[in-house]
Amino acid sequence: MTADRPSRWRRGTGHAAVLVAAALVVAVTPASAAPPARAGAPGGPTPGAAGIGDPLFPDEGNGGFDVTHYELAMRYRPDDRTVTARTTVSARATQALSRFDLDFDGNTVTGLTVDGRAADYRRDGDELVVTPARPVPRGARFRVAVDYRADPAGTHHCAPANSPITSGWLPTSDGFVTAGQPSCARSVFPGSDHPSDKASYTFRVTVPDGLTAVANGAFTGRAEHAGETTWTYRQRVPMATELVQVAVGHYTVQTSAGPDHTTIRNVVPTSMAGTLGPDLAVTGPQLAWMRRQAGSYPFATYGVLAAPANFRFALECQTLTLTSAGMFTALPRSYWSPVLAHELAHQWYGDLVAPARWSDVWLNEGHASYYEASWADRQGYASFVDRMHTAYTHGDTWRDRYGPVARPSADDLFNEGVYDGGALVLYALREKVGAARFTAIERAWAARFAGGSGTTGQFVALASSVAHRDLHGFLTAWLYGTHTPPMPGHPDWRTDPVG
Ligand SMILES: [Zn+2]
């Protein structure tokens, strides 16, 4: 994610009203937090845990099963601007389950079945507690279908403090978009809302003729019936819930051929297609540049969704970055072009490889900010080294205010120390091992953990392995130290005093 921050405006044009933030995505390793069998019932069915035990957000995700696939079926009604939906969660039980939780917040549940049989359910905060008619055996595959009604314009409270994303549903002038990071996907659909439990997706979105529906992944079909059209998309590469995008509106979908057999797909309001289309032509050159840094683009499609709504962030939804269309009209290219590079970099760092825990979010934002600054430098907008030097001067202040780079608080997950502070860690690594080995590390990380998630410790271990030197002490000081270590190659750099 990129959120609007005052520092982002220093090189802008002074338009004070529009903001964009790019969001990042995080994915994590599979949940493994099944609780022990209850005493007295060894091996018997027991309730799944309410969360996977993320240290920052312990109730996120769920214990006792692993989601393998989501099918999101939605029907949008413009007359009352509501959505009726059925989400079908396909999962495999990792323990014998007497009951289990799904993460789900808001909306009105109208029915629920497990493997086609009606099941008992109750709402408990943002947990949907499901008791199937018969226990689910360990290792069994099962499907949960949840029917519900949603009001995208309604009030949803799903975000941690200080997040620019405050609702999973974002109403637009003619429909809606979604924004799940970090904890808002649960207000759009029920599931296991933690990036460590990735799954594939099918989207079937029904809208009246004249409206267009888009979602993550590849477009696979469109069926018209009685004045409505159902649009179908498939996301085959596992995706974190927070990266889901479903959008409905008067859009024009602009496609072209990209590198690595990728289809470039930009989605713009039809009324702005003439102006935004040329702006978004930057997608191709950015893809070609980014693949040289991180390796081949990992998904079948990539593009930007420019939504007709005034929100102040951009989010790296997998294969389809969400932005506000207003960013392109109110802000200069020197602002939005690096933001788009940031979100594109997330496709490797955050999406393809998700954070195993939310405290690993610097692996998303640090990398995305690093390539954002690299692209800005390459385009002549701003000096990369100057930005790193500035970050260095703030280093101790950020660590004092937010905690070390790899130990953020839940109240301020997306802080400057994670973004430019994280980029600074990567710059220090590059200065330590050299540009060629740094690029080798970057590519190896994306390749090694493709489709899954990784921890900070795994990144440190991989960097050491690829660089053929023990970097544990060096990177531990940069990632977990309360003071900013000396910058290799820049003995004259100093941090500003705290306070
Ligand atoms: Zn980001």
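# A walk through the model, from an exposed turn to the zinc ion

Let's begin at the surface, with Ala226, which counts as exposed because its relative accessible area is 85%. Keep in mind that this is a predicted model. Ala226 sits in the loop that runs between β15 (218-225) and β16 (228-239). Its backbone is worth a look too: phi is positive, at about 50°, even though Ala226 is not a glycine. Most residues other than glycine have a negative phi, and most peptide bonds are trans.

His261 gives you another case of this kind. Its phi is near 60°, again a positive value in a residue other than glycine. You'll find His261 in the loop between β18 (251-257) and β19 (263-269). With 81% relative accessibility, His261 counts as exposed.

There's a backbone oddity at a proline as well. The peptide bond between Gln181 and Pro182 is cis, with omega at about -5°. Pro182 belongs to the loop between β12 (175-178) and β13 (199-208).

That loop comes up again when you turn to charged pairs. Side chains of opposite charge can pair when their charged atoms come close. In this model the count of salt bridges comes to 12. One of them is between Asp126 and Arg186, whose side chains meet at 2.9 Å, N to O. Asp126 is in the loop between β8 (120-124) and β9 (127-131), while Arg186 is in the loop between β12 and β13, so this pair ties together parts that are 60 residues apart in sequence. Asp126 is partly exposed, with a relative accessible area of 24%, whereas Arg186 is buried at 6%. The pair isn't on its own, either: salt bridges with shared partners join Glu60, Asp126, Arg186 and Asp193 into one network.

Now look at the strands. Glu71 and Arg204 form a salt bridge, and their closest N and O atoms are 3.1 Å apart. This pair links distant parts of the chain, with Glu71 in strand β3 (residues 65-77) and Arg204 in strand β13, 133 residues apart. Arg204 counts as partly exposed, given its 29% relative accessibility. Arg86 and Asp147 also meet in a salt bridge, at 2.6 Å from N to O. Here the link is between strand β4 (residues 82-93), which holds Arg86, and strand β10 (residues 141-150), which holds Asp147, and the two residues are 61 apart. Arg86 is partly exposed, with a relative accessible area of 43%.

Next comes the part of the chain that has a domain annotation. UniProt, in an unreviewed entry, lists residues 297-478 as "domain: Peptidase M1 membrane alanine aminopeptidase". The span is 59% helix and 10% strand, and its end C-alpha atoms lie 29 Å apart.

What holds the zinc ion? Its protein donors are Met1 (N), Met1 (O), His342 (NE2), His346 (NE2), Glu365 (OE) and Glu365 (OE), at 2.0 to 2.8 Å from the ion. The pair His342 and Glu365 links distant parts of the chain: His342 is in helix α4, Glu365 is in helix α5 (residues 362-378), and they are 23 residues apart. Both of these residues are buried. Written as a spacing pattern, the donor residues read M-x340-H-x3-H-x18-E. The geometry is irregular, because the 6 donor atoms subtend angles of 51 to 160° around the zinc ion.

Which residues does UniProt mark as "active site"? The annotation, from an unreviewed entry, covers Glu343 and Tyr419. They are spread over 77 residues of sequence but cluster in space, with a largest C-alpha distance of 12.7 Å. Glu343 is in helix α4 (residues 333-346), and its relative accessibility of 0% means that it counts as buried. The side chain of Glu343 makes a polar contact of 2.2 Å with that of Thr2. Tyr419 lies in helix α7 (residues 416-433) and is buried too, with a relative accessible area of 3%. A polar atom of the Tyr419 side chain lies 2.7 Å from the backbone oxygen of Met1. Met1, remember, is among the donors of the zinc ion.

One last check, for the cysteines. Searching the whole structure turns up 0 disulfides. For Cys317, the nearest cysteine sulfur is that of Cys184, 12 Å away, and Cys317 is in no disulfide. Cys317 counts as buried, because its relative accessibility is 0%.

Methods: Residues numbered from 1 in each chain as written. Predicted model: local features only at pLDDT ≥ 70, side-chain atom pairs only at ≥ 80, totals over all residues. Heavy atoms only, no water. Disulfide = S-S within 2.5 Å. Buried < 20%, exposed > 50% of the residue type's maximum accessible area, 1.4 Å probe, protein only. UniProt positions renumbered as here; feature names shortened; annotations may be inferred. Helix = DSSP H or I, 4+ residues; strand = E, 2+ residues; numbered from the N terminus. Polar contact = N/O pair within 3.5 Å; in protein donor to acceptor, adjacent residues only side chain to side chain. Donors = N, O, S within 2.8 Å, 3.2 Å for Na, K, Ca; no water. Tetrahedral: all angles 85-135°; square planar, octahedral: opposite > 155°, others 65-115°. Salt bridge = Lys/Arg side-chain N within 4 Å of Asp/Glu carboxyl O.
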